[in-house]
Amino acid sequence: MPETSAVYPGSFDPITNGHVDIIERGLEVFDRVVVAVLKNPKKRPLFTTKERVRMIQEIFASKREVEVRAFDGLLVDFARAQGTRVVIRGLRAVSDFEYEFQMALMNRSLAPDIETFFMMPSVAYTFLSSNVVREVAGLGGSVEGLVPAPVLRKLRSKITGSKKVQIP
Ligand code: PNS
């Protein structure tokens, strides 16, 4: 059987346990998941592209079926260049739907051969987002259990170093 693959795109600033959950669910369905890290999210990212890519690589170091790449330009062009026709997106709640619906249909209008697959994370992560993690960590709150260990370490060094705020 030919190998099946999918692209999982996002800003991942930083990757959370909710994202990790979606990648693991993706691996149950596809042979290969390419995590596509957007190079220049609209808002100034907390982590550089290199840092975001490295953290995800570290988290999935033991899984050869997870590849991590930075991308810019159109997602559908990147997906084609990776030889895949599937885009995975996570849906946490109804509030995500409008944005995701718009993006999926825009991508379909650009590339009708590319399909978006929506996957729901574990209910434990439905409240979780990179924005919430950045805000809580920046204000000194604990995000333990919400982000993988490499992210926790990096948040500690980045935020403690720049703003003299302690993250428990
Ligand atoms: O984690 P995010 O910020 O919700 O991810 C958004 C992302 C990276 C999936 C989206 O911004 C994207 O695909 N950007 C690439 C540009 C593109 O293809 N735009 C057309 C789709 S609207």
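I looked up Lys158 and found a relative accessible area of 23%, so I list Lys158 as partly exposed. This is a predicted model, and I read every value below with that in mind. The side chain of Lys158 forms a salt bridge with Glu51, with 2.9 Å between the closest N and O atoms. I then placed both ends: Lys158 is in helix H6 (residues 149-163) and Glu51 is in helix H2 (residues 49-59), so the bridge ties together parts 107 residues apart in sequence. Glu51 has a relative accessible area of 18% and is buried; the cut-off for buried is under 20%.

Next I went through other salt bridges. I asked how many the structure holds. The count is 13 salt bridges. One of them joins the side chains of Arg32 and Glu3, at 3.4 Å from N to O. This pair also links distant parts of the chain: Arg32 belongs to strand E2 (residues 32-38), Glu3 to the segment before strand E1 (5-10), and they are 29 residues apart. I checked whether each partner is buried or exposed. Arg32 is buried, at 13% relative accessibility, whereas Glu3 is exposed, with a relative accessible area of 53%. I followed the pair outward and noted a network of salt bridges that links Glu3, Arg32, Glu67 and Arg69.

I also recorded the bridge between the side chains of Arg108 and Glu115, at 2.9 Å from N to O. Arg108 is partly exposed at 41% relative accessibility, and Glu115 is partly exposed at 34%.

I moved on to the strands. Strand E4 (residues 86-90) and strand E5 (residues 115-119) run parallel and are joined by five bridges. I traced the connection: the chain leaves E4, passes through helix H4 (residues 94-110) and enters E5, a β-α-β crossover that is right-handed. Within the pairing, I found Ile88 opposite Phe117 in E5.

From E5 I continued to the loop that leads to H5, where Ser129 lies. Ser129 counts as buried, since its relative accessibility is 17%. I noted that its side chain reaches the backbone nitrogen of Val132 at 3.1 Å.

In helix H5 (residues 130-138) I listed Ser130, Val133, Ala137 and Gly138 as buried. Where do the buried residues of H5 fall when seen down its axis? They fall within an arc of 120°, so they line one face of the helix. After H5 I came to Gly140, which has a positive phi, near 90°.

Last, I turned to helix H1 (residues 17-29) and checked its length. The 13 residues of H1 should span 18 Å at 1.5 Å a residue, and the end C-alpha atoms are 19 Å apart, so the two values agree. At the start of H1, a side-chain oxygen of Thr16 comes within 3.1 Å of the backbone nitrogen of Gly18. I then asked which residues of H1 are buried. The list is Asn17, Gly18, His19, Val20, Asp21, Ile22, Ile23, Gly26 and Leu27. Gly18 thus appears in my notes twice, as a buried residue of H1 and as the owner of the backbone nitrogen that Thr16 reaches.

Conventions:
Residues are numbered from 1 along each chain as its sequence is written. This is a predicted model: local features need pLDDT of at least 70, side-chain atom pairs count only at pLDDT 80 or more; totals for chains, interfaces and linings use all residues. Side-chain values use heavy atoms; hydrogens and water are left out. A salt bridge is a side-chain nitrogen of Lys or Arg within 4 Å of a carboxyl oxygen of Asp or Glu. Helices (H or I, at least four residues) and strands (E, at least two) are DSSP runs, numbered from the N terminus. Buried means under 20% relative accessible area, exposed over 50%, partly exposed in between (1.4 Å probe, protein chains only). The arc is that of the directions from the helix axis to the C-beta atoms. The expected span of a helix is 1.5 Å times one less than its number of residues. A polar contact is a pair of N or O atoms within 3.5 Å; within protein, one must be able to donate a hydrogen and the other to accept it, and residues adjacent in sequence count only if both atoms are side-chain atoms. Two strands pair if DSSP finds at least two bridges between them. A crossover is right-handed if, with the strands pointing away from the viewer, the path from the first strand over the helix to the second runs clockwise.
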